[in-house]
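Work through the exercises below with the model open. Try each task before reading its solution.

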Amino acid sequence: MPVSETKYIWFNGKFIEWNEAKIHVLTHTLHYGSGVFEGIRCYKTPKGPAIFRLRDHIERLFRSAKAIKIEIPYTIDTLSDAVAETVKVNNLDECYIRPIVFRGYGEMGLNPLGSPVEVAIAVWPWGAYLGEESLKRGVKVKLSPYTRIPKKAFPPNVKVTGIYVNSILAKIDAVMDGYDEALMLDENGFIAEGPGENIFIVKNEVLYTPPDDSTILLGITRDSIIKIAENLGYKVEKVNVDKDMLYNADEAFFTGTATEVAPICEVDGRRIGDGKPGKLTIKLQQEYLKIVRGENLDYEFWLTYVNR
Ligand code: PMP
């Protein structure tokens with residue numbers, strides 16, 4: 001589906017028209033994947049649009065930049081304000097938000113340090129990443145033949161553009177085989193994550209998710225779900241999950257900013273539980289959606305309102 005265009009993009013400190021946000025073909029990041037990015041959502045709430053866990057996302061953007069030695073020429077506060085402003089000038093109630101920091105046009109070759117650092121923030125309306133139906137009926141997943149890039153090759157807890165080719169390979173392979181989504185294993189054969197999602201399984205009402213030091217991005221939705229589940233009285237264990245644990249789980253689901261909370265109903269043609277979205281999954285999904293929509297004020301500290 002093509003991106004739904006909005007009016008303005010924040011580009012190096014200024015708002016410009018959507019169609020004017022252009023770059024040179026010799027942009028360093030286009031060739032070598034030397035950029036970092038974030039994916040954030042803004043939801044409609046009773047008090048106007050609110051961005052979910054904005055500061056956590058911007059802090060992760062700075063951590064990603066540090067990992068590849070990019071010095072972002074703005075502060076965390078400036079970029080957080082710029083994100084909120086971008087939502088505001090585009091007059092949107094709900095949207096996806098994509099900040100990207102990249103190495104621009106200057107020098108070629110693998111040493112990126114001579115290329116300028118550029119920053120853009122785009123926002124656009126974007127429904128559930130795996131489809132609206134995915135939230136209700138669940139998704140069919142294929143265990144990917146592509147291993148998640150091992151830690152020894154690249155730090156997993158960063159959103160660096162080039163690294164997403166690993167996810168792209170897994171995604172294409174799964175989609176071409178008729179599945180909704182892929183699930184990547186780590187180099188030791190444990191479950192790592194989806195191309196753009198973290199995973200949880202449920203067995204006997206206990207939640208399991210791969211540990212913080214495993215080969216995964218530490219998702220902000222993952223962290224939110226852990227806190228929400230624990231506050232509801234459920235136990236969450238961060239442990240290595242193998243294929244058997246997954247196949248024999250009562251429930252499984254993906255989490256991610258774009259994906260939200262998507263039940264997994266099948267893996268490699270094997271039903272998870274009874275093949276329908278699990279009870280606890282649905283409960284957590286509904287709780288999450290209430291929180292992001294500002295309907296549970298116990299979690300209001302996660303929201304940044306965009307005052308119009
Ligand atoms: N893993 C990967 C590889 C991702 O790209 C994403 C999306 N950012 C996630 C997990 C989920 O992270 P979050 O909940 O912060 O969106």
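**Exercise 1. Classify Tyr105 as buried, partly exposed or exposed, and place it in the fold.**

Step 1. Take the cut-offs: buried is under 20% relative accessible area, exposed is over 50%, and partly exposed lies in between (1.4 Å probe, protein chains only).
Step 2. Tyr105 has 47% relative accessibility, so it counts as partly exposed.
Step 3. Locate it: Tyr105 sits in the loop between β6 (95-103) and β7 (117-124). Helices (H or I, at least four residues) and strands (E, at least two) are DSSP runs, numbered from the N terminus.
Step 4. Check its surroundings. Tyr105 belongs to a nonpolar surface patch with Val25, Leu26, Leu30, Tyr32, Met108 and Leu110. Together they have about 710 Å² of accessible area, by the Shrake-Rupley method with a 1.4 Å probe, where only the protein chains shown count as cover for residues. Patch members have over 30% relative accessible area and no salt bridge; nonpolar side chains (Val, Leu, Ile, Met, Phe, Trp, Tyr) are joined within 5 Å, like charges within 9 Å.

A note on the source: this is a predicted model, where local features need pLDDT of at least 70, side-chain atom pairs count only at pLDDT 80 or more, and totals for chains, interfaces and linings use all residues. Residues are numbered from 1 along each chain as its sequence is written, and side-chain values use heavy atoms, with hydrogens and water left out.

**Exercise 2. Find what Ser64 touches beyond its sequence neighbours.**

Step 1. Ser64 lies in helix α2 (residues 54-67).
Step 2. Its relative accessibility is 0%, so Ser64 is buried.
Step 3. Set aside neighbours within four places in sequence. Ser64 then contacts Val36, Val158, Lys159 and Val160 (contact means heavy atoms within 4.5 Å).

**Exercise 3. Explain what the salt bridge between Asp77 and Arg55 ties together.**

Step 1. Apply the criterion: a side-chain nitrogen of Lys or Arg within 4 Å of a carboxyl oxygen of Asp or Glu.
Step 2. The Asp77 and Arg55 side chains meet at 2.7 Å, N to O.
Step 3. Asp77 is in helix α3 (residues 76-89) and Arg55 in helix α2, so the bridge joins parts 22 residues apart in sequence.
Step 4. Asp77 is partly exposed at 46%. Arg55 is partly exposed too, at 42%.

**Exercise 4. Which salt bridge does Lys238 form?**

Step 1. Lys238 pairs with Asp212; their closest N and O atoms are 3.1 Å apart.
Step 2. Lys238 is in strand β13 (residues 236-238), and Asp212 is in the loop between β12 (206-209) and α6, 26 residues apart.
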